[in-house]
Amino acid sequence: MIIDWLTGTAFRVAGSGTTWAEVLGFLTGVVNVWLVARQRIANWPVGIANVLLLMLLFWTAGLYADAGLQVVYVALGCYGWWHWLFGGERRTRLTVSRTGRREWLALAVVGVLLTGALWALLDRATDSTVPLPDALTTTLSLLATYGQTRKRVESWWLWIAADLIYIPLYAYKGLHLTAALYLVFLALCVLGLRAWRADLRRAARPAPVAPGPAPVAT
């Protein structure tokens, strides 16, 4: 059965078993973030495959909020796929933009409320040993993914913040390969931030004026 194979041990790192789901999650995750940084539309189907693998991985590791988050990622992946293709002016391809003040305020309010609600839920309704960091990374990841569906350049900062928490969290839970994956993600997020900011600067440059005849004096 495919699930049995995916949850089976591929090899061991520091005494902890690494499953095939974690190995494949590592590979598809790296490809996905690289494609996002380069604004390739193929990032969305690759990302959907990645989150399905991570859903299985996180559930077996007891990271229930992260496991549930992957269901939302599938929906966001489908939305992002469509929005990148048709979310621009007159249903054209979407371009990189900045997050406005009103949008930042809405994201901050949602972030605080969602983190608090998930923290309480995980603490009271599950056997999670890391309810607060699990809730916080879940919230940051959702906000960052929302930003990337709309090509907001600041979404990379949210991913960087999430990755800085994810790395020690996964190492603590014995998911050493996934912790290493998020180190790679962190580096790719920095590269993605630089690439999107450069794209934004190029778009802001005034268009060159075509040469033409000098105006006639009257």
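1. In this predicted model, helix 7 and helix 8 run roughly antiparallel to each other, because the angle between them is about 165 degrees and angles over 145 degrees fall in that class. Their axes lie 8 Å apart, and helix 7 passes helix 8 in a left-handed crossing.

2. The contact of helix 7 with helix 8 comprises 19 nonpolar, 4 polar and 2 charged residues.

3. The largest nonpolar core contains 43 residues. Those with the most contacts inside this core are Phe-58, Trp-156, Tyr-166, Tyr-170, Tyr-182 and Trp-196. At least two core residues come from each of helix 2 (20-37), helix 3 (43-61), helix 4 (64-86), helix 6 (131-149), helix 7 (155-172) and helix 8 (176-204). Helix 8 gives the most, with 10 residues.

4. Trp-156, one of the residues with the most contacts inside the core, merits separate mention. With neighbours within four places in sequence set aside, Trp-156 is in contact with Val-33, Val-36, Ala-37, Gln-148, Leu-188, Cys-189, Gly-192, Leu-193 and Trp-196. Trp-196 is likewise listed among the residues with the most contacts inside the core.

5. Thr-137 is located in helix 6. Its relative accessibility is 0%, so Thr-137 counts as buried, the cut-off being under 20%. Residues up to four places away in sequence not being counted, Thr-137 touches Asp-66, Ala-162, Ile-165, Tyr-166 and Leu-169. Of these partners, Tyr-166 is one of the residues with the most contacts inside the largest nonpolar core.

Notes:
Residues are numbered from 1 along each chain as its sequence is written. This is a predicted model: local features need pLDDT of at least 70, side-chain atom pairs count only at pLDDT 80 or more; totals for chains, interfaces and linings use all residues. Side-chain values use heavy atoms; hydrogens and water are left out. A nonpolar core is a set of buried Ala, Val, Leu, Ile, Met, Phe, Trp, Tyr and Cys residues joined through side-chain atoms within 4.5 Å. Buried means under 20% relative accessible area, exposed over 50%, partly exposed in between (1.4 Å probe, protein chains only). Helices (H or I, at least four residues) and strands (E, at least two) are DSSP runs, numbered from the N terminus. Contact means heavy atoms within 4.5 Å. Axes are lines fitted to C-alpha atoms, for helices over the stretch in contact, and angles run from 0 to 180 degrees between N-to-C directions. A crossing is left-handed if the near helix is turned anticlockwise from the far one by less than a right angle, and right-handed if clockwise. Ala, Val, Leu, Ile, Met, Phe, Trp, Tyr, Cys and Pro count as nonpolar, Asp, Glu, Lys and Arg as charged, and the others, Gly among them, as polar.
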